[in-house]
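I'm opening a fresh page for this one. Here is what I looked up, in the order I went.

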Amino acid sequence: MRDTTKQKSRMSLTAAIIFLLFLTGIHSQTWSVEYSSTQICALEGSTVEMSCTYSYPPWIEDKETVVQRRFWFKQKNNKELDLREDPDYAGRITYDFSGNNCLLRISGLKLSDSAVYKFRFETNQPGGSLTSSAGVTLTVTDLQVQILTQTLCLGNGCALEMLCQSRCPLPPRSSYVWYKNGEIITDKTQQKFSDYFYTGESVSCAVRGHESFHSPLMCVYGDSCNKLSYSERSICAFRGSSVTISCSFQSQNSGSSGSWISVRGQQMYHQNTGGCQSYGNRFQVRTGGSGSILTIRDLTDGDSDEYRFETWRWNKDFPGTTLTVVDPHVEVIRSSSGLELVCHSSCFPPGHFSFTWFKNGEKVQGETSYIYREAVSPEDTYSCSYEGQRSPEVYAPKSVSVSMNLTEIVEGSSVTLTCSSDANPAASYTWFKNNQTLLLEDPHLTIRNPSVSVNPPEILEDSSVTLTCSSDANPAASYTWFKDNRALLSEQEVHFSSIRSEDSGNYSCKSENKHGQSSSIPLLLDVQYPPRIPSVSVSVFGKILEGSSVTLTCSSDANPAANYTWFKEDEDSPKASGSNWTISDFRAELSGFYYCEAENRRGQNKSSLHLIETETGSWTSSAAAAVRITFAALLFSFIPAFLWIRKSRCFTEQRPAGRSQVNMSPDINGPSGEEQLELHDSSIHVSENQDDCLYSSIE
């Protein structure tokens with residue numbers, strides 16, 4: 001007995017441990033961040049994308065999980081700083097958080113962008129935040145020319161084989177561009193390049209499509225050669241400001257002079273001339289023994305271009321400095337943590353950043369960082385300034401109010417509540433019902449009953465039909481369908497693969513979540529179909545007496561209601577229309593087979609043939625008249641004859657009183673013996689009164 005108890009205890013403990021391990025496994029699978037790639041090599045100046053997916057439990061202890069913050073960062077000064085708030089990435093960062101995806105796009109890569117990048121998301125759950133321990137290691141590479149072999153040297157030159165080398169492996173199908181003394185070698189597109197080089201020549205390489213980010217120029221022999229380099233490969237500047245573009249060059253011939261050109265604008269700017277007259281004095285060129293400077297003042301959008309320096313020893317094919325002129329826009333935004341203010345712009349020109357902060361219009365002394373480090377009060381206004389461009393003031397929401405679009409609310413109607421406030425930047429809104437969160441980041445809250453839609457709009461029998469219940473709900477609602485107030489099923493859609501007429505009825509749906517429930521207005525589902533086979537009835541049973549009235553009735557089940565037409569067999573033209581046809585004077589020539597045709601816009605159908613005939617009406621009436629006439633003639637001819645016979649008999653038998661014995665002798669032509677005997681036993685009495693002649697009897 002004791003062993004059995006111990007065995008049960010072990011089994012219970014094992015089950016509990018397995019259950020705990022199962023829960024631990026679920027938790028670890030629920031809170032997660034997974035990266036599509038953890039190692040990326042990208043070329044300087046290019047654009048790179050890092051992607052991941054994240055997951056979390058949708059509910060924890062009856063509390064819905066809501067993501068409140070998500071961002072990418074790289075560790076900087078032991079802080080998890082949102083890349084969108086880092087001035088080093090100004091105007092170069094794009095996020096895409098559609099669904100549970102987390103995509104980071106960095107454009108215009110710099111060598112300093114090489115780092116480990118991580119994604120973090122935070123929720124409303126206690127401790128419901130996650131930063132993955134892993135991340136994406138980005139290596140940004142530049143290019144270097146490496147001499148592999150040197151052969152066949154004659155006089156002051158040699159044949160060389162060179163390699164365009166990167167710090168990390170680039171895509172194997174990359175196409176390359178080679179420059180010799182600033183000129184493109186058009187027939188060389190491989191990573192390796194072989195040619196004959198002379199003393200004083202230089203070489204550079206680039207990946208096609210990223211020519212601006214070529215390798216540094218390398219002198220083939222020693223350090224002395226013709227080469228040129230720019231201080232910046234790209235510059236971003238505000239409209240109306242000034243910018244300086246500079247280059248340095250080295251030439252075996254001292255005293256080299258040259259000019260600046262704009263690649264797209266095809267303008268040329270010379271020393272001391274300022275270029276074309278149309279540009280006035282906005283462009284100034286200063287060229288010295290080892291370099292040149294192009295200064296452009298009062299920048300306009302048209303000044304955005306690529307600028308190159310050209311000498312008689314240096315070809316203009318070699319990429320220069322790209323200038324981008326943008327709208328002078330500076331704004332104050334909140335850091336991703338929501339605790340600090342950041343001075344932000346789509347363009348921070350190169351150099352040392354120096355910012356000026358203002359609080360309630362007053363300059364804040366000693367605050368020159370792009371991050372406002374003092375405590376932020378919701379009662380105050382803040383702004384920042386950079387390069388003379390001042391941002392609009394920002395402040396917390398004030399005067400929050402709620403309005404409604406209806407003055408009277410009728411049950412079943414749609415109502416919209418609007419939350420408004422004075423805020424800069426525009427505020428985001430959260431709605432509550434009985435202290436429970438309803439809807440995030442929307443100033444409008446529309447309360448409406450669920451709606452029912454039908455597809456297709458017109459419903460034909462035997463067709464496929466889908467009813468859909470839609471409801472604006474947070475969290476998502478569950479649905480229940482009803483037909484004629486009877487529960488049907490619990491789905492968002494009702495699908496009929498082949499609908500029948502008996503499926504017609506009033507359909508409604510109910511949406512429900514933890515905050516409540518609501519029902520839609522019933523929708524009449526009207527299934528249309530062509531007429532069924534019509535039936536015919538006649539108001540008179542049997543044959544119809546000629547000259548009398550008769551009504552024919554045609555009926556058929558149809559939706560929409562059918563129209564009726566009457567036909568006689570073997571006749572093309574219709575006899576009448578309508579469900580009832582009355583013939584007030586039926587004649588013999590109308591006898592025959594009749595049928596009706598029922599038709600609506602969905603089709604038509606015919607009834608069976610129905611025989612309608614008359615009695616022989618002319619013979620019956622003539623015979624009756626003849627009988628009546630014959631009977632009257634006979635009656636009037638018989639009565640006078642009868643009276644005349646009686647009168648004649650009475651006259652003949654009036655003789656003297658007495659009884660006469662009639663004794664008739666036998667005759668062969670006379671009556672038979674029995675008849676004679678019968679006559680002998682008979683006697684005739686003649687009344688003495690003449691009036692008695694009206695009566696006689698035979699005894």
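**Confidence.** I began with the shaky part: pLDDT, the predictor's confidence in each residue from 0 to 100, stays under 50 over residues 650–699. For that stretch the model has 21 contacts beyond four places in sequence, a contact being heavy atoms within 4.5 Å. This is a predicted model, so I note that local features need pLDDT of at least 70 and side-chain atom pairs count only at pLDDT 80 or more, while totals for chains, interfaces and linings use all residues. Residues are numbered from 1 along each chain as its sequence is written, and side-chain values use heavy atoms, with hydrogens and water left out.

The chain's mean pLDDT is 80, and 78% of its residues reach 70 or more. Among the elements, helix α3 (residues 673–680) has the lowest mean, 38, and strand β52 (residues 563–568) the highest, 95. My element names are DSSP runs numbered from the N terminus: helices are H or I with at least four residues, strands E with at least two. Residues 4–11 are also below 50, and that stretch has zero contacts beyond near neighbours in sequence.

**A four-stranded sheet.** Next I looked at an open sheet with the order β19-β21-β25-β24 and antiparallel pairing. Two strands pair if DSSP finds at least two bridges between them. Why do β19 (227–230) and β24 (283–287) each have one side without a neighbour in the sheet? They stand at the edges with a single partner strand each, so that side is left free. Inside the sheet, β21 (residues 243–250) and β25 (residues 291–296) are joined by six bridges, and threonine 244 stands opposite threonine 295.

**Strand β29.** Is β29 (residues 341–345) buried or exposed? Five of its five residues are buried, so the strand is largely enclosed by the rest of the structure. I use buried for under 20% relative accessible area, exposed for over 50% and partly exposed in between, with a 1.4 Å probe and protein chains only. In a regular strand the side chains alternate between the two faces of the sheet. Here Leu341, Cys343 and Ser345 point one way, Val342 and His344 the other. β29 pairs antiparallel with β28 (residues 330–334) over five bridges, with cysteine 343 as the bridge partner of valine 332. Two bridges join β29 to β32 (residues 371–372), also antiparallel, and valine 342 stands opposite isoleucine 371 there.

**Histidine 214.** I found this one in the loop between β17 (202–207) and β18 (218–219). Histidine 214 is buried, at 10% relative accessible area. Its contacts beyond four places in sequence are Ser204, Cys205, Ala206, Arg233, Phe318 and Pro319.

**Rings.** How many aromatic pairs does a search of the whole structure find? It finds 26. Rings of Phe, Tyr and Trp (its six-membered ring) pair if their centres lie within 6.5 Å; planes under 30 degrees apart count as stacked, over 60 as edge-to-face and the rest as tilted. Tyrosine 54 and phenylalanine 121 are tilted, 4.9 Å centre to centre with 35° between the planes. This pair links strands β3 (residues 48–55) and β9 (residues 115–123), its members 67 residues apart. Tyrosine 54 and phenylalanine 121 are buried.

I also checked arginine 390, which lies over the face of phenylalanine 358 at 3.6 Å from the ring centre. That label needs CZ of Arg (or NZ of Lys) within 6 Å of the ring centre and within 35 degrees of the ring normal.
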